[in-house]
Amino acid sequence: MSIVFVPKKLRGKAKINQETIQRLLDENDQLIRCITEYMQKGRAVECVQYQQILHRNIVYLATIADASPDDIPAITNCSSSNASTPALNGHGGTPQ
């Protein structure tokens with residue numbers, strides 16, 4: 001499950017740090033790859049769940065960026081390695 005899906009009782013208590021943001025960026029990379037693969041196979045219906053998660057992640061990252069003070073340094077390394085990309089919700093990130 002995406003790290004954005006936090007139970008209501010825990011919302012606002014999580015520490016937002018560089019590692020959390022990078023995990024979200026890596027997850028978004030994997031989501032985009034899955035969506036692209038499904039689209040290439042003509043399976044647009046299956047893309048919807050991944051698009052919804054991607055949308056939530058992007059909105060969450062935008063919210064963090066908007067709420068952050070201006071003196072926080074930007075992330076300098078946004079590249080991700082395919083070998084280190086985490087699996088999506090136990091789906092392995094490979095569409096069938």
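This passage walks through the overall make-up of the chain, its second helix, its cysteines and two residues of its first helix.

The structure is a predicted model, and the confidence is a mixed bag. Average pLDDT over the chain is 74, with 57% of the residues scoring at least 70. One weak stretch is residues 78-87, where pLDDT stays under 50. For that stretch the model has twelve contacts beyond four places in sequence, and these are best read with the low scores in mind.

As for secondary structure, the chain has two helices and zero strands. Of its 96 residues, 27% are buried. The accessible surface adds up to about 6,800 Å², and carbon and sulfur atoms account for 56% of that. Contacts lean towards long range: taking those between residues at least 6 apart in sequence, 78% join residues at least 24 apart.

Helix α2 covers residues 44-67, 24 residues in total. From first C-alpha to last, α2 reaches 34 Å, close to the 34 Å expected at 1.5 Å a residue. Even so, α2 has a kink of about 25°, and the kink is centred on Tyr50. Tyr50 is also one of the buried residues of α2, a list that runs Cys47, Tyr50, Ile53, Leu54, Asn57, Leu61 and Ile64. In an α-helix there are 3.6 residues a turn, so residues three or four places apart point the same way. Part of the cover over the buried residues of α2 comes from α1, residues 18-40.

Two cysteines deserve a look here, Cys34 and Cys47. A disulfide is a covalent bond joining the sulfur atoms of two cysteines. A search of the whole structure turns up zero of them. For Cys34, the closest cysteine sulfur is that of Cys47, and no bond is made because the 9.3 Å between them is too far; the cut-off for a disulfide is 2.5 Å. The same pairing holds from the other side, with Cys34 holding the closest cysteine sulfur to that of Cys47, again at 9.3 Å and too far for a bond. Both cysteines are tucked away from the surface: Cys34 has 1% relative accessibility and so counts as buried, while Cys47, at 0%, counts as buried too.

Two residues of α1 can be set against residues of α2. Ile21 lies in helix α1 and, at 18% relative accessibility, counts as buried, because the cut-off for buried is under 20%. Ile21 and Asn57 are 36 residues apart in sequence, with 9.9 Å between their C-alpha atoms; Asn57 is itself among the buried residues of α2. Arg33 sits in helix α1 as well, but Arg33 is partly exposed, with a relative accessible area of 40%. Its partner in this comparison is Tyr50, where the kink in α2 is centred. Arg33 and Tyr50 are 17 residues apart in sequence and 10.0 Å apart in space, C-alpha to C-alpha.

Conventions:
Residues are numbered from 1 along each chain as its sequence is written. This is a predicted model: local features need pLDDT of at least 70, side-chain atom pairs count only at pLDDT 80 or more; totals for chains, interfaces and linings use all residues. Side-chain values use heavy atoms; hydrogens and water are left out. Helices (H or I, at least four residues) and strands (E, at least two) are DSSP runs, numbered from the N terminus. The expected span of a helix is 1.5 Å times one less than its number of residues. The bend at a residue is the angle between axes fitted to the seven residues ending there and the seven starting there. Buried means under 20% relative accessible area, exposed over 50%, partly exposed in between (1.4 Å probe, protein chains only). Contact means heavy atoms within 4.5 Å. pLDDT is the predictor's confidence in each residue, from 0 to 100. Accessible areas come from the Shrake-Rupley method with a 1.4 Å probe; for residues, only the protein chains shown count as cover.
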